[in-house]
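Trainee: I am new to this structure. Could you take me through the nonpolar interior in one go?

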Amino acid sequence: MSLALIEEGAKKSSVLWIALPSGPRLAWHVWHEGAIYVVTGGGEQPLPGLTESPEVEITLRSKDNGAELVRFPASVEVVDQEAAGETVAALARERLNAHDAAGLIDRWAARSVVVRLTPRPA
């Protein structure tokens, strides 16, 4: 499996499956600068155990028929939101149906965690 395949799959679908200690979780994400980014906590998608895991398994599925496209390990890193303003803005642009779109980035900074999932293709 190649990074190009992972990138293509991540860009075509706005959701993925993350294997967490509590079980697999569906999560929305954004592909940005060679990695997948998700946000959790503070009223956003609950991804229990993600920030404590050094690595997780990611599954990307076809948007058309739900078939598995690719499965791969990814390293987990909590993002310094202040230092990664462009990345956080890219993630915020993909957040659908936010009840407080104008204050989204400030809410995330105060109550949520942004996580970088860096693919480790075999």
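Mentor: Here is a close look at the core, then at one helix. This is a predicted model: local features need pLDDT of at least 70, side-chain atom pairs count only at pLDDT 80 or more, and totals for chains, interfaces and linings use all residues. Residues are numbered from 1 along each chain as its sequence is written, and side-chain values use heavy atoms, with hydrogens and water left out.

Start with the core. A nonpolar core is a set of buried Ala, Val, Leu, Ile, Met, Phe, Trp, Tyr and Cys residues joined through side-chain atoms within 4.5 Å. Buried means under 20% relative accessible area, exposed over 50%, partly exposed in between (1.4 Å probe, protein chains only). The largest nonpolar core has 20 residues. Ile18, Ile36, Leu50, Ile58 and Leu117 have the most contacts inside it. Two or more residues each come from α1 (3–12), β1 (15–20), β4 (35–40), β5 (55–61), β6 (68–78) and β7 (113–119). Helices (H or I, at least four residues) and strands (E, at least two) are DSSP runs, numbered from the N terminus. β6 gives the most, with four residues.

Now take Leu50. Not counting residues up to four places away in sequence, Leu50 touches Ile18, Leu20, Val38, Val56, Val76, Val115 and Leu117; contact means heavy atoms within 4.5 Å. A second, separate core has 14 residues, including Trp28, Val30, Tyr37 and Ala84.

Last, helix α3 (residues 104–111). Leu104, Arg107 and Trp108 are buried there. On the other side of α3, Asp106, Ala109 and Ala110 are exposed. The cover over the buried residues of α3 includes β2 (23–28), β4 and α2 (85–93).
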